[in-house]
Every structure is written in C-alpha cells, then in structure tokens.
Amino acid sequence: MRPLSLLLSSLALLLPAALAANNAVPPPPGVAFLYNANITVGLSVDVGQIPAGNVSVIPVIGGALIGPKISGKILAIGADWGLSTPQGYYYSDMRAQIRTMDGANIYVQMAGLMQGNDGLIYMRTTFQTGSKDYWWLNYAFAFGTMKASGTGFVVDMWHLTGGS
Ligand SMILES: *[C@@H]1O[C@H](CO)[C@@H](O)[C@H](O)[C@H]1NC(C)=O
Ligand SMILES: *[C@@H]1O[C@H](CO)[C@@H](O)[C@H](O)[C@H]1NC(C)=O
C-alpha cells in the first residue's frame with residue numbers, strides 16, 4: 001500500500017472507536033410539569049365516514065387548568081376533531097383556548113393517537129400567545145396525556161427544559 005492509502009485505511013479503522021469515545025450520548029433534556037386540565041365537552045357532531053375512518057367533532061365548552069406557572073380557564077371555543085379508524089385507533093386533533101388567571105389568551109393545539117387499552121391519548125402540543133408573560137409557551141416543547149372522563153377530558157401536560 002502507498003503511505004497515503006495506508007494512513008487513510010488506518011484512520012478508517014480508528015474513526016469509529018474515536019467517535020464512540022468522544023461522542024458520549026448527550027445528556028437528555030429535563031421535563032417539567034406544565035398543568036393539569038379538566039376539559040368539559042358538549043354533544044358531539046358526526047361528520048361521518050371519510051376514507052380514513054369516522055370523524056366526529058367533540059366541542060369544548062369549558063374547563064380549568066392548574067399548574068406551577070400557568071393557571072386559568074378553558075373557554076367555550078374549540079373542539080376535538082377526532083378520527084376513529086377501522087383498526088381501532090383514535091386520532092385526536094384538539095384546538096382550544098386558554099384564558100389565564102391574569103388575563104392572557106393562549107391558543108393551544110394538541111394532536112395525538114390513542115393506541116393502547118389504557119385510554120390515554122399521547123398529545124404533541126403547541127401554544128400561541130402574544131402575551132409577554134407567557135411568551136415562552138410559543139417555543140415550549142410540550143406533550144401530555146389526555147383521557148376521557150365523566151364530563152369530558154382530563155389532560156396532564158409537561159414540557160422539555162434545557163439539557164442538564
Ligand atoms: C380536575 O378534576 C379533578 C377531579 O375532580 C380535581 O382533583 C382537579 O383538581 C381538577 N383540576 C382542575 C385544573 O380543576
Ligand atoms: C363508522 O361509522 C359507521 C356508521 O355508523 C359504522 O358502521 C362503522 O363501524 C364506524 N367505523 C369506525 C371505524 O368507527
């Protein structure tokens with residue numbers, strides 16, 4: 001072998017080991033609790049059967065949320081546009097409107113899939129608000145669980161915090 005190709009091939013042998021040694025798995029981000037919410041719903045509206053399954057709209061008519069950094073009520077604006085598939089999955093597509101105790105208006109959008117027998121829908125969640133007090137919610141990476149309860153849904157929400 002010529003010196004250059006010898007050098008390259010020994011580098012190629014060394015590289016994976018070097019990567020494994022220097023690129024340790026990065027520390028995972030932290031998780032902070034955001035809120036618990038009870039969402040009250042009204043009578044659902046059947047959209048009917050679409051190619052993917054059955055769509056029914058469950059209107060949001062109120063509710064409350066409590067958490068360490070955000071508390072307030074849920075306005076009678078929004079709904080869950082749910083899709084039930086023939087395979088037994090339920091896709092939730094919920095939009096709702098939060099009014100915090102201190103008067104900020106926050107649009108919340110949750111989407112997720114119920115795929116187990118535990119009745120939990122795992123929700124990816126985003127927020128939009130112009131409030132400077134809650135500005136951080138615009139870029140929060142939030143996720144939670146939603147479960148049907150007597151009069152609506154119970155939601156527990158978390159968000160990622162910086163890697164430690
Ligand atoms: C939701 O309802 C449960 C059960 O009644 C209650 O313990 C909880 O405090 C309620 N949460 C909110 C945010 O009102
Ligand atoms: C969709 O609705 C139709 C009519 O009510 C029903 O026969 C069917 O079982 C439903 N399918 C699903 C996946 O829920």
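**Burial and overall layout**

I began with burial in this predicted model, and found that buried residues make up 22% of the 164 residues in the protein. I then listed the secondary structure, which comes to one helix and nine strands, and read the elements in order along the sequence, where the pattern is α-β-β-β-β-β-β-β-β-β. For the contacts with a separation of 6 or more, I noted that 46% are between residues 24 or more positions apart.

**Strands 1 to 3**

I looked next at how the early strands pair, starting with strand 1 and strand 3, which run antiparallel and are joined by six bridges. One position that I checked in this pairing is Ala-37, whose bridge partner in strand 3 is Leu-65.

Strand 3 also pairs with strand 2, residues 45–50, in the antiparallel sense and over five bridges. The connection between strand 2 and strand 3 is a hairpin through two residues, and I recorded that Ile-50 has Gly-53 of strand 3 as its bridge partner.

Which residue did I pick out in the loop between strand 2 and strand 3? I picked Pro-51, which lies in that loop, and asked whether Pro-51 is buried or exposed. Pro-51 is exposed, because 4 other C-beta atoms lie within 10 Å, and the exposed class takes in residues with 12 or fewer. I also took the separation between the C-alpha atoms of Pro-51 and Thr-85, which is 9.4 Å although the two are 34 residues apart along the chain.

**Strands 3 to 5**

I followed strand 3 onward to strand 4, residues 72–84, and found the two paired in the antiparallel sense over eight bridges, with a hairpin of five residues joining them. Within this pairing I looked up two positions: Ser-56 has Gly-82 of strand 4 as its bridge partner, and Asn-54 has Ser-84 of strand 4.

Strand 4 is joined in turn to strand 5 by eight bridges, and these strands likewise run antiparallel. Here the bridge partner of Ile-74 in strand 5 is Ile-98. The hairpin of strand 4 and strand 5 has five residues between the strands, and in this hairpin I noted Gly-88, which takes a positive phi near 95°.

**The largest nonpolar core**

Which residues touch the most other members of the largest nonpolar core? Of its 26 residues, they are Ile-39, Ile-74 and Ala-96. I then traced the core back to the elements that give two or more residues to it, and these are strand 1 (29–41), strand 3 (53–66), strand 5 (90–100), strand 6 (105–114), strand 7 (121–128) and strand 9 (152–163). Strand 1 gives the most, with five residues. As background, I kept in mind that nonpolar side chains tend to be buried together in soluble globular proteins.

I took Ile-74 as the residue to examine further, leaving aside its neighbours within four places in sequence. Its contacts include Ala-37 and Ile-39, a run from Gly-62 through Gly-63 and Ala-64 to Leu-65, and also Ala-96, Gln-97 and Ile-98. Val-60 is another of the residues in contact with Ile-74.

**The two ligand shells**

I listed the residues around ligand 1 as Asn-36, Ala-37, Asn-38, Ala-64, Leu-65 and Ile-66. The elements that give two or more residues to this shell are strand 1 and strand 3. By class, the shell around ligand 1 divides into four nonpolar, two polar and no charged residues.

Around ligand 2 I found Gln-49, Gly-53, Asn-54, Ser-84, Thr-85 and Pro-86. How many residues of each class does the shell around ligand 2 have? It has one nonpolar, five polar and no charged residues. I cross-checked this list with the bridges recorded above: Asn-54 and Ser-84, which are bridge partners, are both among the residues around ligand 2.

**The loop before strand 9**

My last entry concerns Thr-151, whose place is in the loop between strand 8 (142–149) and strand 9. Thr-151 counts as partly exposed because it has 13 C-beta neighbours inside 10 Å. The C-alpha atoms of Thr-151 and Asn-38 are separated by 9.0 Å, with their positions 113 residues apart along the chain, and Asn-38 is one of the residues around ligand 1.

Methods:
Residues numbered from 1 in each chain as written. Chains lettered and ligands numbered in written order. Predicted model: local features only at pLDDT ≥ 70, side-chain atom pairs only at ≥ 80, totals over all residues. Core = buried A, V, L, I, M, F, W, Y, C linked by C-beta atoms within 7 Å. Buried ≥ 20, exposed ≤ 12 C-beta atoms within 10 Å, placed from the backbone. Helix = DSSP H or I, 4+ residues; strand = E, 2+ residues; numbered from the N terminus. Contact = placed C-beta atoms within 7 Å. Near = placed C-beta within 6 Å. Nonpolar A, V, L, I, M, F, W, Y, C, P; charged D, E, K, R; others polar. Pairing = 2+ DSSP bridges.
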